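Here are some exercises to work through with the viewer open. Try each task yourself before you read its solution.

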Amino acid sequence: MKDEIASVIPQELEEKAGETPVEKIGLEKKEMLEELNKFFKSQPLAVLATQNGTAPYVSLVAFASDEKPRYILFSTTKATRKYSNLSANPSVSLLIDNRENTIEDFRDAMAVTVLGKVEPIEDFERSIMEKIYLMKHPYLVDFLHSPTTAFLKILVEKYIVVTRFQHVVEVSV
């Protein structure tokens with residue numbers, strides 16, 4: 001198994017282990033944000049990490065993002081551990097990836113970690129945010145409009161993009 005994994009990891013990446021991440025700026029940053037926008041459109045779910053003060057907690061969420069992408073939208077039932085954690089601590093991490101759980105993922109998968117803070121969606125922006133969210137997840141309309149559902153946004157501070165197993169790029173927003 002170890003040899004199979006080694007055969008899909010490019011040799012130059014194995015040699016560069018421990019290299020510090022590259023920060024994208026200027027045109028490179030704009031191009032990377034455009035790539036992230038396309039990537040986010042292709043992925044319906046993400047893993048949201050919250051913190052309750054004693055231990056991290058992760059859960060799956062259906063998400064959507066704006067075109068920039070400067071924020072990530074998701075909804076959750078208010079009577080959840082996730083929502084309770086967010087109420088106590090708005091700092092979150094979100095993982096969006098395209099893995100297929102195969103050995104080739106070491107070479108082909110992309111994983112994006114989103115770092116940011118959760119905020120409620122204001123009344124004046126709710127209509128446009130709902131449209132963005134429901135364009136991607138139309139089957140969640142009843143859930144989104146339920147009085148027990150919280151509709152939230154993550155204001156993105158930074159993206160950490162990992163490709164080819166060890167190639168890491170950071171993009172501050």
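**Exercise 1. Take apart the ring cluster that joins F39, F40, F63 and Y159.**

*Solution.* Remember as you go that this model is predicted.

Step 1: count the pairs. Ring centres have to lie within 6.5 Å, and the count comes to four aromatic pairs.

Step 2: classify F39 with F40. Their ring centres are 6.3 Å apart and their planes meet at 50°. Edge-to-face needs over 60 degrees and stacked needs under 30, so this pair is tilted. Both F39 and F40 are buried.

Step 3: classify F40 with F63. Here the centres are 6.0 Å apart, with 85° between the planes, and the pair is edge-to-face. The pair links distant parts of the chain, with F40 in helix α3 and F63 in strand β3, 23 residues apart. Both F40 and F63 are buried.

Step 4: look for a charge over a ring. K136 lies over the face of F63, at 3.7 Å from the ring centre.

**Exercise 2. Place F40 within the largest nonpolar core.**

*Solution.* Step 1: find the best-connected members. The core has 27 residues, and those that touch the most other members are L36, F40, I72, L94, V112 and Y159.

Step 2: ask which elements supply it. Two or more residues each come from α3 (26–42), β2 (45–51), β3 (56–65), β4 (71–77), β5 (91–97), β6 (110–120), β7 (149–163) and β8 (167–172). Strand β7 gives the largest share, six residues.

Step 3: list the partners of F40. Leaving out residues up to four places away in sequence, F40 touches F63, S65, P69, I72, I96, V112, K136 and Y159.

Step 4: check for another core. A second, separate one holds 11 residues, including A64, Y71, L73 and L140.

**Exercise 3. Decide whether N85 is buried or exposed, and find its polar partner.**

*Solution.* Step 1: locate the residue. N85 is in helix α4 (residues 81–88).

Step 2: apply the cut-off. The relative accessible area of N85 is 4%; buried means under 20%, so N85 is buried.

Step 3: list the neighbours. Beyond residues up to four places away in sequence, N85 touches T50, Q51, N52 and Y57.

Step 4: pick out the polar partner. The side chains of N85 and T50 are joined by a polar contact of 2.9 Å.

**Exercise 4. Describe the surroundings of D97 in strand β5.**

*Solution.* Step 1: test for burial. D97 has 14% relative accessibility, so D97 counts as buried.

Step 2: list the contacts. Not counting residues up to four places away in sequence, D97 touches F39, Q43, M110 and A111.

Step 3: compare sequence with space. D97 and M110 are 13 residues apart in sequence, while their C-alpha atoms are 5.6 Å apart.

Step 4: find the polar contact. The side chain of D97 meets the side chain of R99 at 2.3 Å.

**Exercise 5. Sum up the protein chain as a whole.**

*Solution.* Step 1: count the elements. The chain has seven helices and eight strands.

Step 2: look at burial. Of its 173 residues, 39% are buried.

Step 3: consider contact range. Among contacts with a separation of 6 or more, 68% are between residues 24 or more positions apart.

Step 4: finish with the surface. The accessible surface comes to about 10,100 Å², and 55% of that belongs to carbon and sulfur atoms.

Terms used: Residues are numbered from 1 along each chain as its sequence is written. This is a predicted model: local features need pLDDT of at least 70, side-chain atom pairs count only at pLDDT 80 or more; totals for chains, interfaces and linings use all residues. Side-chain values use heavy atoms; hydrogens and water are left out. A nonpolar core is a set of buried Ala, Val, Leu, Ile, Met, Phe, Trp, Tyr and Cys residues joined through side-chain atoms within 4.5 Å. Buried means under 20% relative accessible area, exposed over 50%, partly exposed in between (1.4 Å probe, protein chains only). Helices (H or I, at least four residues) and strands (E, at least two) are DSSP runs, numbered from the N terminus. Contact means heavy atoms within 4.5 Å. Accessible areas come from the Shrake-Rupley method with a 1.4 Å probe; for residues, only the protein chains shown count as cover. A polar contact is a pair of N or O atoms within 3.5 Å; within protein, one must be able to donate a hydrogen and the other to accept it, and residues adjacent in sequence count only if both atoms are side-chain atoms. A charge sits over a ring if NZ of Lys or CZ of Arg is within 6 Å of the ring centre and within 35 degrees of the ring normal.
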